Amino acid sequence: MNFAQALQYLEDLNAFGSQLGLARIQQITELLGNPQARYRTIHVTGTNGKGSVTAMLAGILTQSGIRTGMYVSPHLVSYTERMQIDGQTISEQDFADSMTVVRAAAEKMVAACSEQPTQFEILTAAAFWYFHQKNVEYAVIEVGLGGLLDSTNVIIPEVSVITNVTMEHADRCGGTLEGIARHKAGIIKAGVPVVTAAVGEPLKKILQAAAAEKNTDIFIAGQDFSSSFVHFDGKVQQLEFSSGLLGAVKEPYDLQMLGTHQIENSALAVMTARLLHNTDARITPGSIALALAITSWPGRFERMDRGDQHILIDGAHNPAGMEVLRQSLDLYYPVEERVILLGILKDKDIHTMLATLLRPNDTVVVTAPNSARASDPEAVARQIHTQHVEVQPDPVEALARSLELANSQRLLCVAGSLYLIGGIRQALLNKKE
């Protein structure tokens, strides 16, 4: 297949939907020779922040001189973003070649009367195969959904990371917060240490019980380690990592990723890297600090200023994400007037998201994300009670209108769905070029 054919193949796989379970991914990876077992891995799950932590850890390993793969989802613009080695996305040719190999294995499965693998299973198997072909030493693997039955859960990692646990995808993960926690805990493996930022005693007890059952150690943010905010110089956050568990360690570092949530996310990355250092001396405090100072994660509280116009884009797409976005805006830009460009999916808790993010004096432009699941912008606008609200269904026109309203005098913030963020980000990049 060429790249266009590979994309069409993935599009055709949408007909099979999303199905949790490990039987299909186990079968297809076996047909491929279990490539995921040929290098070391770190497994990352959580409701929010898992992509950022994955990027930080991949950056730390790369800065430590280690050839490192990174698998994330979803993508913002192209499927190639999902598979990266040392910060470089997979080429279209390598993507097509990987898909060709995995498709052949999938067709062999179907010919033997097995189930057709889903789109995400095909992508995951392709990433595993690609990393093996390119001789990575480590791969940081982000969970797609949940953990226990997620396609990525065929790896045996060096460390398992669970960022946090909030109500997201409850219909697929047990229906309750506790059920979601049990699904996240499903990535915990025997003897593999766990690092988590889960809060609340019921959730901690679930994760601690799972770790005890697997006879492994669990390290909890705010209890065994933490990072604290020191200063913001207008470009980077200055933070300090501390851990009494590691011998009263106190280490300052700069973090390019902005947002209050990234303080905790970076603490998870530092603690995980510290554990990896126990078996790989190449990972040092110096390489950790260097990576965090330069690692970015597109679309997550990302500054994309154009001239005098300050622009932030953030993939906040659920109430928890909106809460940290609001906290971050209030911390870094407490007095600036704001224009908010919003596009939200219809299956989200829209009322709570709006109530969490918006201030009475905000100006809001509502649009439709590029998704069949997009909410009706008019219906969303009727739920907003700020000083000015208007609807522009087309995202490109909505961006133009938002820039006009901001007029380089107010901060423009784009949020609500990754399906919106990807297109807006590309449009802003095109404007820059």
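Is cysteine 113 buried or exposed, and what relative accessibility does cysteine 113 have? Cysteine 113 counts as exposed because its relative accessibility is 74%, where exposed stands for over 50% relative accessible area, buried for under 20% and partly exposed for values in between, as found with a 1.4 Å probe on protein chains only. The structure is a predicted model, in which local features need pLDDT of at least 70 and side-chain atom pairs count only at pLDDT 80 or more, whereas totals for chains, interfaces and linings use all residues. Residues are numbered from 1 along each chain as its sequence is written, and side-chain values use heavy atoms, with hydrogens and water left out.

Cysteine 413, in contrast, counts as buried, with a relative accessibility of 1%. A search of the whole structure for disulfides, that is, pairs of cysteine sulfur atoms within 2.5 Å, finds zero.

Cysteine 113 also takes a positive phi of about 70°, just after helix α4; helices here are DSSP runs of H or I with at least four residues, strands are runs of E with at least two, and both are numbered from the N terminus. Helix α4 covers residues 92-111, and its end C-alpha atoms are 28 Å apart, which agrees with the 28 Å that its 20 residues should span at 1.5 Å a residue, the expected span being 1.5 Å times one less than the number of residues. The buried residues of α4 are Phe95, Ala96, Ser98, Met99, Val102, Ala105, Ala106 and Met109, and they pack against α1 (3-13), α2 (23-31), β3 and α5, with contact taken as heavy atoms within 4.5 Å.

The largest nonpolar core, a set of buried Ala, Val, Leu, Ile, Met, Phe, Trp, Tyr and Cys residues joined through side-chain atoms within 4.5 Å, has 41 residues, of which Ile42 and Phe225 touch the most other members. Two or more residues of this core come from each of β1 (40-45), α3 (50-63), β5, β6 (159-162), β10 (237-243), β11 (249-255), α8 (260-277) and α9 (285-294), and α8 gives the largest share, nine residues. When residues up to four places away in sequence are not counted, isoleucine 42 touches, among others, Leu57, Leu61, Tyr138, Val140, Val159 and Leu276. A second, separate core of 36 residues includes Ala6, Leu13, Ile25 and Ala139.

An open sheet is formed by three strands in the order β9-β10-β11, with antiparallel pairing, two strands being paired if DSSP finds at least two bridges between them. Because β9 (226-232) and β11 stand at the edges with a single partner strand each, one side of each is left without a neighbour in the sheet. The twist averages 25° from one strand to the next, where axes are lines fitted to C-alpha atoms, for helices over the stretch in contact, and angles run from 0 to 180 degrees between N-to-C directions. Six bridges join β9 to β10, and phenylalanine 232 stands opposite glutamine 237 in β10.

Several loop residues have notable backbone geometry. The peptide bond from serine 73 to proline 74 is cis, with omega near -5°, and proline 74 is found in the loop between β2 (68-71) and β3 (83-85). Aspartate 86, in the loop between β3 and β4 (88-89), has a positive phi of about 50° although it is not a glycine, and is partly exposed, with a relative accessible area of 29%. Asparagine 135, in the loop between α5 (119-133) and β5 (138-142), likewise has a positive phi, near 60°, and is exposed, with a relative accessible area of 59%.
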